[in-house]
Amino acid sequence: KQWYQRRVAITAGSLGVVTDGVKHSMNPFDENAIEEAVRMKQKKIVKEIVVASCGPSQSQETIRTALAMGADRGIHVEVPAGTDADLQPLAVAKIFSKLVEKEKPDLVILGKQAIDDDANQTTQLLAGMLDWPQGTMASVVNAADGRLTITREIDGGLEDISVSLPAVISADLRLNEPRYATLPNIMKAKKKKIEKMTPEKRKKYRLRLCVDTTA
């Protein structure tokens, strides 16, 4: 997810904030999720990292950042500007569940929560829809023998759990220290593939494949 930082200006209808000309950044918890995926690839635990983002065209900036951090390719589920606020956790989880059906990953890593609404719901909803085990608020993740051992933060301290793959986990800030994208990797990211999709909202969200982009 992306977020923006500026002096707040309210829209005419008092239903949101003005985002014209605002530089968007990746949600900090999602940076931790990307970093953990890259570290897993460096350890040869995973073979490919696919990043996905739902939102207007500016979301491609966030995807490019993830590609520069080390992801292999991206998927942009484009939602028209002005309607992306309708993408509440349930809708995002439905879209991601369709992406999982298409991509068939062994592991889905999300940020624990967005720092604008602090919902902390998408991971749990997605795991429930997929009927996959989940490890939320992960501060340590270790992989061995087709299972993940996860240390998660709870009110009383720390809890260790073990889950089988495939699984869904959410990254906490203490999971790692995200790397900065270097200039050479930023240039390489411009050549990596971003696949564009559009959600169709009927009785439930469906995905319809649109034009691929590599620019």
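Entry 1, Asn27. I looked up Asn27 and found this residue in the loop between β2 (24–26) and α1 (28–42). The model is a predicted one, and I read the entries below with that in mind. Is Asn27 buried or exposed? I count Asn27 as buried, because its relative accessibility is 2% and the cut-off for buried is under 20%. I then looked at what the side chain of Asn27 reaches, and found the backbone oxygen of Gln113 at 2.8 Å. I also took the C-alpha to C-alpha distance from Asn27 to Lys112, which is 10.0 Å, with the two positions 85 residues apart in sequence.

Entry 2, confidence. I checked pLDDT for the protein chain: the mean is 85, and 80% of the residues reach 70 or more. Over residues 202–215 pLDDT stays under 50. For that stretch the model has 42 contacts beyond four places in sequence. I do not interpret those contacts, because predicted coordinates should not be read in detail where pLDDT is low.

Entry 3, the sheet. I traced an open sheet of five strands and noted the order as β5-β9-β6-β7-β8, with mixed pairing. Which strands are at the edges? They are β5 and β8 (157–164), each of which pairs on one side only. Neighbouring strands of this sheet are turned against each other by 40° on average, direction ignored.

Entry 4, strand pairs. I went through three of the pairings.
- β5 and β9 run parallel and share five bridges; in β9, Ala167 is the bridge partner of Leu107.
- β6 (residues 134–144) and β9 (residues 167–171) are also parallel, joined by three bridges; here Ala138 stands opposite Ala171 in β9.
- β6 and β7 (residues 147–154) are antiparallel, with six bridges between them; Val140 stands opposite Thr151 in β7.

I looked at the hairpin of β6 and β7 as well, where two residues lie between the strands. Asp145 takes a positive phi near 55° in this hairpin.

Entry 5, helix α4. Which residues of α4 (residues 122–130) are buried? I listed Thr122, Thr123, Leu126, Ala127 and Leu130. These residues are on the same side of α4, because they cover an arc of only 125° around the axis. I then asked what covers them, and the cover includes α3 (89–103), β5 (107–111), β6 and β9. α4 lies across β5, β6 and β9, and runs at about 180° to β9. Just after α4, I noted a positive phi of about 60° at Asp131.

Entry 6, Thr123. I picked one residue of helix α4, Thr123, for a closer look. Thr123 counts as buried because its relative accessibility is 2%. Which residues is Thr123 in contact with, leaving aside its neighbours within four places in sequence? I found Leu110, Gly111, Thr136, Val168, Ile169 and Ser170. From the residue ranges, Leu110 and Gly111 belong to β5, Thr136 belongs to β6, and Val168, Ile169 and Ser170 belong to β9. These contacts of Thr123 go with the placing of α4 across β5, β6 and β9.

Definitions and conventions:
Residues numbered from 1 in each chain as written. Heavy atoms only, no water. Pairing = 2+ DSSP bridges. pLDDT = per-residue confidence, 0-100. Contact = heavy atoms within 4.5 Å. Buried < 20%, exposed > 50% of the residue type's maximum accessible area, 1.4 Å probe, protein only. Arc of directions from axis to C-beta. Polar contact = N/O pair within 3.5 Å; in protein donor to acceptor, adjacent residues only side chain to side chain. Axes fitted to C-alpha atoms, helices over the stretch in contact; angles between N-to-C directions.
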